[in-house]
Amino acid sequence: MIKRCLILCLAVFFAATAQVFSQDDLMDLFGEEEPKTEFAYASFKSTRICIGQSIENPPNGNLIFVVSHHFGTINQGFYEFFGLDQATTRIGFEYGINDWIAIGIGRSTLKKTFDGFAKIKILRQSSGARNMPVSVSYFGSTAINSLKWQDPDRQNYFTSRMSYAHQILIARKFSNALTFQLMPTLIHRNLVERDVDENDVFSIGAGGRVKISNRVSINAEYYYLIPGQTADDYYNTFTIGFDIETGGHIFQLFATNGRGAIEEYYIPQSSGSWLNGDIHIGFNITRSFTVKQPRRKP
Amino acid sequence: MKKNISIMILALLVTATAFGQNYVTKTGHIKFYSETPIETIEAHNYSVNSAINPVSGDFVFKVLVKSFEFEKALMQEHFNENYMESDKYPNAVFKGKIANVADIDFAKDGTYDAVVKGDLSIHGVTKAVEEKGTFTVKDGKIQGRSVFNVPLEDYEIKVPGAVKKQISESIEISVDVMLEEVQNP
(Lines give C-alpha, C1' and ligand atoms only; values in the text may rest on other atoms or scores of the structure.)
Protein backbone atom coordinates (compact mmCIF):
# COMPACT_ATOMS: atom_id res chain seq x y z
CA MET A 1 0.00 0.00 0.00
CA ILE A 2 2.74 2.40 0.98
CA LYS A 3 4.68 1.48 -2.14
CA ARG A 4 1.65 2.09 -4.26
CA CYS A 5 1.18 5.48 -2.69
CA LEU A 6 4.78 6.30 -3.31
CA ILE A 7 4.59 5.36 -6.96
CA LEU A 8 1.42 7.35 -7.38
CA CYS A 9 3.07 10.34 -5.78
CA LEU A 10 6.02 9.90 -8.09
CA ALA A 11 3.75 9.71 -11.11
CA VAL A 12 1.96 12.88 -10.07
CA PHE A 13 5.30 14.53 -9.46
CA PHE A 14 6.53 13.55 -12.93
CA ALA A 15 3.34 14.70 -14.52
CA ALA A 16 3.58 18.00 -12.68
CA THR A 17 7.20 18.61 -13.64
CA ALA A 18 6.38 17.64 -17.21
CA GLN A 19 3.78 20.38 -17.24
CA VAL A 20 6.12 22.99 -15.91
CA PHE A 21 8.74 21.99 -18.42
CA SER A 22 6.31 22.02 -21.25
CA GLN A 23 5.57 25.73 -20.79
CA ASP A 24 9.25 26.48 -20.91
CA ASP A 25 9.60 24.14 -23.86
CA LEU A 26 6.94 26.16 -25.58
CA MET A 27 8.98 29.26 -24.82
CA ASP A 28 11.96 27.57 -26.43
CA LEU A 29 10.01 27.35 -29.66
CA PHE A 30 10.51 31.08 -30.11
CA GLY A 31 14.18 30.33 -30.51
CA GLU A 32 17.04 32.64 -29.84
CA GLU A 33 16.20 36.18 -30.69
CA GLU A 34 18.01 37.15 -33.85
CA PRO A 35 20.57 39.80 -33.00
CA LYS A 36 19.05 43.06 -34.11
CA THR A 37 20.75 46.42 -34.32
CA GLU A 38 19.49 48.47 -31.45
CA PHE A 39 20.01 52.18 -31.77
CA ALA A 40 20.53 54.34 -28.73
CA TYR A 41 17.54 56.59 -28.25
CA ALA A 42 16.72 59.53 -26.00
CA SER A 43 20.36 60.38 -25.32
CA PHE A 44 19.02 63.80 -24.40
CA LYS A 45 15.45 64.81 -23.76
CA SER A 46 15.67 67.79 -26.04
CA THR A 47 17.44 68.85 -29.22
CA ARG A 48 19.49 71.14 -26.99
CA ILE A 49 21.68 70.30 -24.03
CA CYS A 50 21.00 73.74 -22.54
CA ILE A 51 21.64 76.39 -25.19
CA GLY A 52 23.85 74.32 -27.46
CA GLN A 53 22.80 71.55 -29.79
CA SER A 54 22.48 68.01 -28.51
CA ILE A 55 22.80 64.90 -30.65
CA GLU A 56 19.02 64.56 -30.79
CA ASN A 57 17.05 65.47 -33.89
CA PRO A 58 13.33 66.09 -34.00
CA PRO A 59 11.87 62.64 -34.76
CA ASN A 60 10.89 61.92 -38.35
CA GLY A 61 7.81 63.96 -39.24
CA ASN A 62 7.83 65.91 -35.98
CA LEU A 63 7.75 69.68 -35.75
CA ILE A 64 9.29 71.19 -32.66
CA PHE A 65 8.50 74.68 -31.52
CA VAL A 66 11.16 76.19 -29.26
CA VAL A 67 11.00 79.43 -27.34
CA SER A 68 14.31 80.39 -25.75
CA HIS A 69 14.43 83.16 -23.26
CA HIS A 70 17.60 84.64 -21.83
CA PHE A 71 17.44 87.23 -19.10
CA GLY A 72 20.03 89.84 -18.23
CA THR A 73 22.88 89.19 -15.80
CA ILE A 74 22.00 88.59 -12.18
CA ASN A 75 24.81 90.86 -10.89
CA GLN A 76 22.84 93.95 -11.92
CA GLY A 77 21.07 93.71 -8.62
CA PHE A 78 17.61 94.55 -7.49
CA TYR A 79 17.06 97.56 -9.76
CA GLU A 80 17.06 95.31 -12.83
CA PHE A 81 15.50 92.59 -10.71
CA PHE A 82 18.59 90.43 -11.15
CA GLY A 83 18.35 90.62 -14.92
CA LEU A 84 14.74 89.61 -15.22
CA ASP A 85 13.78 93.07 -16.51
CA GLN A 86 15.85 92.53 -19.61
CA ALA A 87 15.53 89.64 -21.95
CA THR A 88 16.46 88.39 -25.35
CA THR A 89 14.32 85.80 -27.02
CA ARG A 90 14.59 83.36 -29.86
CA ILE A 91 11.57 81.73 -31.41
CA GLY A 92 12.29 78.76 -33.60
CA PHE A 93 10.88 75.80 -35.45
CA GLU A 94 12.64 72.54 -36.17
CA TYR A 95 11.42 69.71 -38.33
CA GLY A 96 12.59 66.14 -38.82
CA ILE A 97 12.47 65.50 -42.56
CA ASN A 98 13.41 61.87 -42.06
CA ASP A 99 15.32 59.75 -39.56
CA TRP A 100 18.58 61.45 -40.49
CA ILE A 101 18.02 65.05 -41.43
CA ALA A 102 16.42 67.91 -39.56
CA ILE A 103 16.13 71.55 -40.54
CA GLY A 104 15.25 74.59 -38.52
CA ILE A 105 14.66 78.30 -38.63
CA GLY A 106 14.61 80.94 -35.96
CA ARG A 107 14.52 84.58 -35.14
CA SER A 108 16.41 86.14 -32.24
CA THR A 109 15.80 89.55 -30.79
CA LEU A 110 19.54 89.82 -30.16
CA LYS A 111 20.87 91.79 -33.17
CA LYS A 112 17.54 91.12 -34.90
CA THR A 113 18.87 87.89 -36.27
CA PHE A 114 17.35 85.27 -38.54
CA ASP A 115 18.94 81.86 -38.55
CA GLY A 116 18.54 78.64 -40.44
CA PHE A 117 20.20 75.32 -39.80
CA ALA A 118 20.51 71.71 -40.81
CA LYS A 119 21.38 68.86 -38.51
CA ILE A 120 22.41 65.63 -40.14
CA LYS A 121 23.06 62.33 -38.46
CA ILE A 122 26.17 60.65 -39.77
CA LEU A 123 26.51 57.75 -37.34
CA ARG A 124 24.14 56.35 -34.79
CA GLN A 125 25.25 54.65 -31.62
CA SER A 126 24.08 51.06 -31.70
CA SER A 127 24.57 47.66 -30.18
CA GLY A 128 23.56 44.18 -31.23
CA ALA A 129 24.12 43.10 -34.80
CA ARG A 130 26.08 46.23 -35.57
CA ASN A 131 28.13 47.91 -32.91
CA MET A 132 28.80 51.61 -32.98
CA PRO A 133 30.20 53.22 -29.85
CA VAL A 134 29.14 56.80 -30.61
CA SER A 135 26.60 58.88 -32.46
CA VAL A 136 27.96 61.56 -34.76
CA SER A 137 26.04 64.43 -36.31
CA TYR A 138 26.91 67.48 -38.34
CA PHE A 139 25.27 70.75 -37.45
CA GLY A 140 25.53 73.74 -39.78
CA SER A 141 23.88 77.08 -39.29
CA THR A 142 23.73 80.45 -40.99
CA ALA A 143 22.76 83.61 -39.16
CA ILE A 144 21.79 86.94 -40.74
CA ASN A 145 21.57 89.97 -38.54
CA SER A 146 19.10 92.54 -39.82
CA LEU A 147 20.15 95.56 -37.80
CA LYS A 148 20.20 98.87 -39.61
CA TRP A 149 23.63 99.68 -40.99
CA GLN A 150 25.65 101.64 -38.49
CA ASP A 151 26.95 103.85 -41.28
CA PRO A 152 24.50 103.81 -44.20
CA ASP A 153 26.70 106.11 -46.29
CA ARG A 154 29.44 103.55 -46.42
CA GLN A 155 29.52 100.83 -49.05
CA ASN A 156 27.70 98.03 -47.17
CA TYR A 157 27.48 94.45 -48.36
CA PHE A 158 24.70 92.08 -47.50
CA THR A 159 27.26 89.34 -46.89
CA SER A 160 28.58 91.39 -44.00
CA ARG A 161 25.45 90.49 -42.10
CA MET A 162 26.16 86.79 -42.26
CA SER A 163 27.91 84.46 -39.88
CA TYR A 164 28.14 80.69 -39.84
CA ALA A 165 28.53 77.85 -37.38
CA HIS A 166 29.76 74.34 -38.14
CA GLN A 167 29.74 71.68 -35.50
CA ILE A 168 30.49 68.01 -35.29
CA LEU A 169 28.50 66.50 -32.45
CA ILE A 170 29.94 63.29 -31.02
CA ALA A 171 27.85 61.70 -28.32
CA ARG A 172 27.73 58.54 -26.34
CA LYS A 173 24.90 57.40 -24.14
CA PHE A 174 26.81 55.46 -21.48
CA SER A 175 23.72 54.37 -19.62
CA ASN A 176 20.11 55.28 -19.29
CA ALA A 177 21.11 58.08 -16.97
CA LEU A 178 24.42 59.31 -18.36
CA THR A 179 25.23 60.85 -21.74
CA PHE A 180 28.40 62.66 -22.73
CA GLN A 181 28.97 64.77 -25.81
CA LEU A 182 31.86 66.53 -27.56
CA MET A 183 31.33 69.26 -30.11
CA PRO A 184 34.27 70.67 -32.06
CA THR A 185 33.01 73.94 -33.51
CA LEU A 186 34.01 76.50 -36.12
CA ILE A 187 32.34 79.88 -36.14
CA HIS A 188 32.94 82.15 -39.12
CA ARG A 189 31.92 85.80 -39.18
CA ASN A 190 32.09 87.61 -42.52
CA LEU A 191 32.50 90.94 -40.80
CA VAL A 192 33.95 91.54 -37.36
CA GLU A 193 33.85 94.75 -35.34
CA ARG A 194 37.54 95.38 -34.92
CA ASP A 195 40.64 94.75 -36.99
CA VAL A 196 42.10 92.42 -34.39
CA ASP A 197 38.99 90.26 -34.12
CA GLU A 198 39.18 86.87 -35.76
CA ASN A 199 36.82 85.94 -38.54
CA ASP A 200 37.26 82.27 -37.76
CA VAL A 201 36.89 81.11 -34.19
CA PHE A 202 37.56 77.53 -33.19
CA SER A 203 36.11 76.04 -30.09
CA ILE A 204 35.78 72.64 -28.48
CA GLY A 205 32.61 72.03 -26.58
CA ALA A 206 31.86 69.32 -24.07
CA GLY A 207 28.57 68.59 -22.44
CA GLY A 208 26.41 65.95 -20.92
CA ARG A 209 23.45 65.05 -18.84
CA VAL A 210 22.71 63.01 -15.78
CA LYS A 211 19.17 61.87 -15.22
CA ILE A 212 18.01 62.18 -11.65
CA SER A 213 14.60 60.69 -12.35
CA ASN A 214 12.75 59.48 -15.42
CA ARG A 215 11.54 62.99 -16.10
CA VAL A 216 14.25 65.27 -14.76
CA SER A 217 17.88 65.55 -15.75
CA ILE A 218 20.78 67.85 -14.94
CA ASN A 219 22.63 69.11 -18.00
CA ALA A 220 25.82 71.08 -18.49
CA GLU A 221 27.93 72.28 -21.38
CA TYR A 222 31.22 74.10 -21.73
CA TYR A 223 32.67 75.74 -24.84
CA TYR A 224 36.42 76.15 -24.70
CA LEU A 225 37.87 78.74 -27.10
CA ILE A 226 41.05 77.60 -28.82
CA PRO A 227 43.83 80.09 -27.88
CA GLY A 228 43.81 83.14 -30.12
CA GLN A 229 42.60 86.73 -30.12
CA THR A 230 39.02 85.71 -29.33
CA ALA A 231 40.12 83.54 -26.44
CA ASP A 232 42.14 86.50 -25.11
CA ASP A 233 39.24 88.93 -25.34
CA TYR A 234 36.30 86.77 -24.38
CA TYR A 235 35.39 84.11 -21.86
CA ASN A 236 34.65 80.46 -22.40
CA THR A 237 30.95 79.78 -22.15
CA PHE A 238 29.67 77.57 -19.38
CA THR A 239 26.04 76.63 -18.95
CA ILE A 240 24.36 74.43 -16.39
CA GLY A 241 20.71 73.65 -16.08
CA PHE A 242 18.06 71.02 -15.92
CA ASP A 243 15.34 69.49 -18.07
CA ILE A 244 11.84 68.82 -16.85
CA GLU A 245 9.72 66.75 -19.13
CA THR A 246 5.94 66.77 -18.92
CA GLY A 247 4.32 64.77 -21.70
CA GLY A 248 4.60 66.77 -24.91
CA HIS A 249 6.53 69.65 -23.34
CA ILE A 250 10.11 69.91 -22.26
CA PHE A 251 11.05 72.73 -19.99
CA GLN A 252 14.74 73.58 -19.70
CA LEU A 253 15.98 76.02 -17.11
CA PHE A 254 19.61 77.07 -17.05
CA ALA A 255 22.23 79.59 -16.01
CA THR A 256 24.95 80.73 -18.43
CA ASN A 257 27.50 83.42 -19.15
CA GLY A 258 26.75 83.18 -22.88
CA ARG A 259 24.56 85.65 -24.71
CA GLY A 260 22.01 84.73 -27.30
CA ALA A 261 20.53 81.41 -28.30
CA ILE A 262 22.54 80.65 -31.42
CA GLU A 263 26.05 79.29 -31.78
CA GLU A 264 27.29 82.33 -33.72
CA TYR A 265 26.62 84.46 -30.65
CA TYR A 266 26.93 82.45 -27.47
CA ILE A 267 30.26 80.80 -28.32
CA PRO A 268 32.62 83.56 -29.58
CA GLN A 269 31.42 86.63 -27.73
CA SER A 270 30.79 85.87 -24.08
CA SER A 271 31.97 89.08 -22.51
CA GLY A 272 30.85 88.13 -19.03
CA SER A 273 32.38 85.65 -16.65
CA TRP A 274 30.83 83.41 -14.04
CA LEU A 275 33.29 84.65 -11.44
CA ASN A 276 32.11 88.24 -11.89
CA GLY A 277 28.51 87.16 -11.61
CA ASP A 278 27.69 87.86 -15.25
CA ILE A 279 25.24 85.04 -15.21
CA HIS A 280 22.12 84.98 -17.31
CA ILE A 281 19.17 82.90 -16.23
CA GLY A 282 17.37 81.42 -19.19
CA PHE A 283 14.87 78.82 -20.23
CA ASN A 284 13.67 76.94 -23.27
CA ILE A 285 10.17 75.69 -23.71
CA THR A 286 9.85 72.95 -26.28
CA ARG A 287 6.63 71.63 -27.71
CA SER A 288 6.54 68.76 -30.15
CA PHE A 289 3.87 68.25 -32.82
CA THR A 290 3.46 65.16 -34.95
CA VAL A 291 2.94 66.46 -38.48
CA LYS A 292 3.53 63.34 -40.50
CA GLN A 293 2.56 59.92 -39.17
CA PRO A 294 5.32 57.37 -39.42
CA ARG A 295 4.55 54.50 -41.76
CA ARG A 296 2.55 51.80 -40.14
CA LYS A 297 2.61 48.09 -40.79
CA PRO A 298 -0.61 46.38 -41.98
CA MET B 1 3.30 -3.35 -8.78
CA LYS B 2 4.10 -3.99 -12.43
CA LYS B 3 0.81 -2.45 -13.37
CA ASN B 4 1.69 0.70 -11.49
CA ILE B 5 5.00 1.05 -13.22
CA SER B 6 3.37 0.59 -16.58
CA ILE B 7 0.84 3.31 -15.69
CA MET B 8 3.69 5.56 -14.80
CA ILE B 9 5.49 4.87 -18.06
CA LEU B 10 2.26 5.41 -19.91
CA ALA B 11 1.76 8.73 -18.14
CA LEU B 12 5.26 9.78 -19.07
CA LEU B 13 4.74 8.71 -22.65
CA VAL B 14 1.52 10.65 -22.88
CA THR B 15 3.16 13.81 -21.61
CA ALA B 16 6.10 13.18 -23.91
CA THR B 17 3.93 12.80 -26.99
CA ALA B 18 2.04 15.90 -25.94
CA PHE B 19 5.15 17.87 -26.85
CA GLY B 20 4.81 16.64 -30.40
CA GLN B 21 2.29 18.98 -31.96
CA ASN B 22 2.78 22.49 -30.78
CA TYR B 23 1.46 25.57 -32.51
CA VAL B 24 3.54 28.68 -32.70
CA THR B 25 3.71 32.18 -34.19
CA LYS B 26 6.26 34.98 -34.17
CA THR B 27 4.09 37.54 -35.91
CA GLY B 28 1.16 37.84 -33.57
CA HIS B 29 -0.52 41.19 -33.04
CA ILE B 30 -1.14 43.01 -29.80
CA LYS B 31 -2.88 46.36 -29.67
CA PHE B 32 -2.46 48.73 -26.78
CA TYR B 33 -5.28 51.20 -26.30
CA SER B 34 -5.76 53.94 -23.76
CA GLU B 35 -8.62 56.35 -23.94
CA THR B 36 -9.41 59.40 -21.84
CA PRO B 37 -11.52 62.43 -22.70
CA ILE B 38 -8.28 64.30 -23.46
CA GLU B 39 -6.17 61.84 -25.38
CA THR B 40 -6.38 58.51 -27.14
CA ILE B 41 -3.20 56.51 -27.27
CA GLU B 42 -2.85 53.49 -29.49
CA ALA B 43 0.11 51.28 -30.19
CA HIS B 44 0.65 48.11 -32.15
CA ASN B 45 3.09 45.27 -31.84
CA TYR B 46 3.27 42.97 -34.85
CA SER B 47 6.01 40.67 -33.65
CA VAL B 48 4.36 38.87 -30.76
CA ASN B 49 5.67 35.41 -29.95
CA SER B 50 3.08 32.91 -28.88
CA ALA B 51 2.87 29.14 -28.60
CA ILE B 52 0.25 26.65 -27.58
CA ASN B 53 0.13 22.98 -26.76
CA PRO B 54 -3.38 21.83 -27.63
CA VAL B 55 -3.11 18.65 -25.58
CA SER B 56 -1.93 20.02 -22.26
CA GLY B 57 -3.48 23.43 -22.88
CA ASP B 58 -0.24 25.22 -22.14
CA PHE B 59 -0.27 28.67 -23.65
CA VAL B 60 2.60 31.17 -23.61
CA PHE B 61 3.41 34.64 -24.89
CA LYS B 62 6.60 36.61 -25.15
CA VAL B 63 6.48 40.21 -26.28
CA LEU B 64 9.40 42.53 -26.91
CA VAL B 65 8.20 45.77 -25.33
CA LYS B 66 10.31 47.94 -27.63
CA SER B 67 8.45 46.61 -30.69
CA PHE B 68 5.33 48.60 -29.85
CA GLU B 69 4.78 51.27 -32.48
CA PHE B 70 3.00 54.47 -31.53
CA GLU B 71 1.60 57.20 -33.75
CA LYS B 72 3.78 59.76 -32.06
CA ALA B 73 7.51 59.26 -31.75
CA LEU B 74 7.51 61.05 -28.43
CA MET B 75 4.88 58.72 -27.01
CA GLN B 76 6.96 55.74 -28.02
CA GLU B 77 10.02 57.25 -26.39
CA HIS B 78 8.16 57.95 -23.17
CA PHE B 79 6.53 54.53 -23.20
CA ASN B 80 9.93 52.85 -23.28
CA GLU B 81 11.87 55.36 -21.25
CA ASN B 82 9.48 56.48 -18.51
CA TYR B 83 6.77 53.91 -18.12
CA MET B 84 7.83 50.43 -19.22
CA GLU B 85 11.56 51.00 -18.63
CA SER B 86 12.24 48.67 -21.55
CA ASP B 87 16.00 48.63 -21.06
CA LYS B 88 15.51 47.13 -17.62
CA TYR B 89 12.50 44.96 -18.49
CA PRO B 90 12.75 44.15 -22.20
CA ASN B 91 10.04 41.50 -22.38
CA ALA B 92 6.49 41.03 -21.27
CA VAL B 93 5.76 37.34 -20.70
CA PHE B 94 2.67 35.26 -20.13
CA LYS B 95 2.84 31.63 -19.04
CA GLY B 96 -0.39 29.85 -18.49
CA LYS B 97 -2.94 27.28 -19.43
CA ILE B 98 -6.26 27.05 -21.14
CA ALA B 99 -8.47 26.18 -18.17
CA ASN B 100 -11.18 24.55 -20.25
CA VAL B 101 -8.88 22.81 -22.72
CA ALA B 102 -11.08 19.69 -22.54
CA ASP B 103 -13.96 21.62 -24.15
CA ILE B 104 -11.93 22.60 -27.19
CA ASP B 105 -11.39 20.28 -30.09
CA PHE B 106 -8.35 21.65 -31.84
CA ALA B 107 -8.70 18.99 -34.54
CA LYS B 108 -12.09 20.28 -35.62
CA ASP B 109 -12.80 23.59 -37.35
CA GLY B 110 -14.90 25.98 -35.33
CA THR B 111 -14.85 28.78 -32.79
CA TYR B 112 -14.51 27.96 -29.14
CA ASP B 113 -14.79 30.09 -26.03
CA ALA B 114 -11.84 29.74 -23.76
CA VAL B 115 -10.68 30.75 -20.32
CA VAL B 116 -6.97 31.25 -19.96
CA LYS B 117 -5.26 31.29 -16.58
CA GLY B 118 -1.67 32.01 -15.80
CA ASP B 119 1.03 34.45 -14.80
CA LEU B 120 1.49 37.72 -16.64
CA SER B 121 4.82 39.50 -16.17
CA ILE B 122 5.06 43.14 -17.18
CA HIS B 123 7.54 45.76 -16.00
CA GLY B 124 9.20 43.16 -13.75
CA VAL B 125 5.98 42.42 -11.87
CA THR B 126 4.25 39.04 -12.12
CA LYS B 127 0.54 38.69 -11.46
CA ALA B 128 -1.86 35.78 -11.72
CA VAL B 129 -4.50 36.57 -14.31
CA GLU B 130 -7.58 34.90 -15.75
CA GLU B 131 -9.01 36.18 -19.03
CA LYS B 132 -11.64 35.10 -21.50
CA GLY B 133 -11.04 34.73 -25.19
CA THR B 134 -11.83 32.66 -28.24
CA PHE B 135 -10.00 30.12 -30.32
CA THR B 136 -10.89 29.68 -33.95
CA VAL B 137 -9.64 26.54 -35.60
CA LYS B 138 -9.50 26.61 -39.38
CA ASP B 139 -7.37 24.87 -42.00
CA GLY B 140 -5.04 23.46 -39.38
CA LYS B 141 -4.36 26.86 -37.87
CA ILE B 142 -5.43 28.18 -34.50
CA GLN B 143 -6.41 31.79 -34.13
CA GLY B 144 -6.46 33.07 -30.56
CA ARG B 145 -8.21 36.31 -29.71
CA SER B 146 -8.84 38.16 -26.52
CA VAL B 147 -9.51 41.65 -25.25
CA PHE B 148 -8.77 42.44 -21.64
CA ASN B 149 -7.68 45.25 -19.38
CA VAL B 150 -4.41 45.71 -17.60
CA PRO B 151 -4.46 48.15 -14.68
CA LEU B 152 -1.22 50.12 -14.64
CA GLU B 153 -1.13 50.11 -10.87
CA ASP B 154 -0.94 46.31 -10.73
CA TYR B 155 2.37 46.39 -12.56
CA GLU B 156 3.82 49.36 -10.68
CA ILE B 157 3.74 51.60 -13.74
CA LYS B 158 3.55 55.09 -12.32
CA VAL B 159 1.93 57.98 -14.14
CA PRO B 160 2.87 61.44 -12.86
CA GLY B 161 0.13 63.86 -11.90
CA ALA B 162 0.76 66.17 -14.85
CA VAL B 163 -0.27 63.55 -17.42
CA LYS B 164 -2.78 61.58 -15.33
CA LYS B 165 -5.63 62.93 -17.42
CA GLN B 166 -4.00 61.81 -20.67
CA ILE B 167 -3.36 58.19 -19.76
CA SER B 168 -6.05 55.74 -18.78
CA GLU B 169 -5.56 53.92 -15.48
CA SER B 170 -6.39 50.68 -17.18
CA ILE B 171 -5.03 49.82 -20.61
CA GLU B 172 -7.08 47.79 -23.03
CA ILE B 173 -5.04 45.03 -24.60
CA SER B 174 -6.30 43.25 -27.73
CA VAL B 175 -4.53 40.05 -28.65
CA ASP B 176 -4.81 38.42 -32.04
CA VAL B 177 -2.47 35.54 -32.81
CA MET B 178 -2.56 33.07 -35.69
CA LEU B 179 -0.68 29.96 -34.63
CA GLU B 180 0.63 27.34 -37.01
CA GLU B 181 1.68 23.80 -36.29
CA VAL B 182 5.36 23.07 -35.81
CA GLN B 183 6.99 19.71 -36.27
CA ASN B 184 9.15 19.13 -33.25
CA PRO B 185 12.43 17.37 -33.91
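Which residue of E4(A) does A:Glu94 stand opposite? The residue is A:Gly104. The model is predicted.

## The barrel of chain A

Chain A holds a closed barrel of twelve strands. The order is E2-E3-E4-E5-E7-E8-E9-E10-E11-E12-E13-E14, and the pairing is antiparallel. From one strand to the next, the twist averages 20°.

In general, strands of a sheet pair through backbone hydrogen bonds, either parallel or antiparallel.

## From E3 to E7

Take the barrel strand by strand, starting at E3(A). Strand E3 of chain A covers 87-96, and strand E4 covers 101-108. The two run antiparallel and are joined by seven bridges. Within this part of the barrel, A:Glu94 faces A:Gly104 of E4(A).

A:Gly104 also has a partner in E5(A), where it stands opposite A:Phe117. Strand E5 of chain A spans residues 113-123. Eight bridges tie it to E4(A), again in the antiparallel sense. E4(A) and E5(A) make a hairpin, with four residues between them. In that turn, A:Lys111 has a positive phi of about 55°.

The next partner of E5(A) is strand E7 of chain A, residues 135-145. Ten bridges link E5(A) and E7(A), and the pairing is antiparallel. One of the facing pairs is A:Thr113 with A:Asn145 in E7(A).

## Two loop residues of chain A

A:Asp99 sits in the loop between E3 and E4 of chain A. Is A:Asp99 buried or exposed? Neither label fits: A:Asp99 is partly exposed, because 15 other C-beta atoms lie within 10 Å. A residue needs 20 or more to count as buried, and 12 or fewer to count as exposed. A:Asp99 and A:Gly258 are 159 residues apart along the chain, and their C-alpha atoms are separated by 31 Å.

A:Phe81 lies in the loop between strand E2 (62-73) and E3 of chain A. Its phi is near 45°, a positive value in a residue other than glycine. A:Phe81 is partly exposed, because it has 13 other C-beta atoms within 10 Å.

## Chain B in outline

Chain B has two helices and nine strands. Along the sequence, the pattern is α-β-β-β-β-α-β-β-β-β-β. Chain B has 185 residues, of which 29% count as buried. Consider the contacts in chain B between residues at least 6 apart in sequence: 57% of them join residues at least 24 apart.

B:His123 is found in the loop between strand E6 (110-122) and strand E7 (125-138) of chain B. Phi of B:His123 is near 55°, positive although the residue is not glycine. Why is B:His123 partly exposed? It has 19 other C-beta atoms within 10 Å, and the buried class starts at 20.

## Helix H2 and its packing

Helix H2 of chain B runs over residues 73-83. Its buried residues are B:Ala73, B:Leu74, B:Met75, B:His78 and B:Phe79. Which elements do the buried residues of H2(B) pack against? They meet elements of both chains. In chain A, these are E2 and strand E14 (280-290). In chain B, they are strand E2 (40-52) and strand E4 (69-70). E2 and E14 of chain A are also named in the barrel.

Just after H2(B) comes B:Glu85, with a positive phi of about 50°.

Definitions and conventions: Residues are numbered from 1 along each chain as its sequence is written. Chains are lettered from A and ligands numbered from 1 in the order in which they are written. This is a predicted model: local features need pLDDT of at least 70, side-chain atom pairs count only at pLDDT 80 or more; totals for chains, interfaces and linings use all residues. Two strands pair if DSSP finds at least two bridges between them. Axes are lines fitted to C-alpha atoms, for helices over the stretch in contact, and angles run from 0 to 180 degrees between N-to-C directions. Two residues are in contact if their C-beta atoms, placed from the backbone, lie within 7 Å.
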